[in-house]
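Here are my notes for someone opening this structure for the first time. Have the viewer ready and follow along point by point.

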Amino acid sequence: MEDITVEELKERIDKNEEFPFVDVREEWEYEEDNLGALNIPLGQLAASLDELEQYKDQELVVHCRSGARSGNAKKFLETKGYTKVRNVLGGIMAYRELEEE
């Protein structure tokens with residue numbers, strides 16, 4: 001599935017749209033700044049699949065700081081049968097830059 005831009009993500013958040021949204025950064029990063037997503041650090045993703053099982057056939061948006069870890073999370077989830085995973089391109093850094101424009 002095609003990845004998601006920060007522009008599209010911001011539009012959906014601004015509309016208070018509800019969708020499965022996971023932040024794969026470490027807890028301390030999440031505590032410093034977050035977009036309200038469910039925090040499951042990348043290293044704990046394999047052990048946390050039960051939490052995400054209900055979203056297996058739904059669009060699932062994943063993000064991190066820059067898009068690299070969430071890209072890995074997307075690949076991992078796809079190997080587990082998740083068919084509609086979308087990585088936030090540029091991560092939270094790009095999202096915050098967009099807000100400053």
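The points below start with the sheet and then move out to the helices, the rings and one loop.

1. First, a caveat: this is a predicted model. Please read everything below with that in mind.

2. Start with the sheet. It is an open sheet of four strands, in the order β2-β1-β3-β4, and the pairing is parallel. β2 (38–39) and β4 have a single partner strand each and stand at the edges, so one side of each is left without a neighbour in the sheet. As background, strands of a sheet pair through backbone hydrogen bonds, and the pairing can be parallel or antiparallel.

3. Now look at β3 and its partners. Strand β1 (residues 21–23) runs parallel to β3, and three bridges join them. On that side, D23 is the residue opposite H63 of β3. Three bridges also join β3 to β4 (residues 85–87), again in parallel. Here you can find V61 opposite R86 and V62 opposite N87. To get from β3 to β4, the chain passes through helix α4 (residues 68–79), and this β-α-β crossover is right-handed.

4. What covers the two faces of β3? Buried residues sit on both: L60 and V62 on one side, V61 and H63 on the other. That fits a general pattern, since side chains in a regular strand alternate between the two faces of the sheet.

5. Helix α5 (residues 91–100) is worth turning end-on. Its buried residues are G91, I92, Y95 and L98. Viewed down the axis of α5, they fall within an arc of 115°, so they line one face of the helix. The general rule behind this is that an α-helix has 3.6 residues a turn, so residues three or four places apart point the same way. E97 and E100 are exposed on the other side of α5. As for what the buried residues of α5 pack against, the partners are α1 (6–14) and β3 (60–63).

6. One lysine caught my eye. K74 belongs to helix α4. Is K74 buried or exposed? Its relative accessible area is 11%, and the cut-off for buried is under 20%, so K74 is buried. Setting aside neighbours within four places in sequence, the contacts of K74 are M1, D3, V62, V85 and N87. V62 and N87 are also the residues that stand opposite each other across β3 and β4.

7. Next, the aromatic rings. The structure holds one aromatic pair. F19 and F21 form it, with 5.4 Å centre to centre and 45° between the planes, which makes the pair tilted. Both residues are buried: F19 has a relative accessible area of 15%, and F21 has 9% relative accessibility. F19 has company from a charged residue as well, with R12 lying over the face of its ring at 4.4 Å from the ring centre.

8. Finally, check the backbone at N16. Where is N16 placed? This residue is in the loop between α1 and β1. The phi of N16 is near 55°, a positive value in a residue other than glycine. For context, most residues other than glycine have a negative phi. N16 also counts as exposed, at 66% relative accessibility.

How values were computed:
Residues are numbered from 1 along each chain as its sequence is written. This is a predicted model: local features need pLDDT of at least 70, side-chain atom pairs count only at pLDDT 80 or more; totals for chains, interfaces and linings use all residues. Side-chain values use heavy atoms; hydrogens and water are left out. Rings of Phe, Tyr and Trp (its six-membered ring) pair if their centres lie within 6.5 Å; planes under 30 degrees apart count as stacked, over 60 as edge-to-face and the rest as tilted. Buried means under 20% relative accessible area, exposed over 50%, partly exposed in between (1.4 Å probe, protein chains only). A charge sits over a ring if NZ of Lys or CZ of Arg is within 6 Å of the ring centre and within 35 degrees of the ring normal. The arc is that of the directions from the helix axis to the C-beta atoms. Contact means heavy atoms within 4.5 Å. Two strands pair if DSSP finds at least two bridges between them. A crossover is right-handed if, with the strands pointing away from the viewer, the path from the first strand over the helix to the second runs clockwise.
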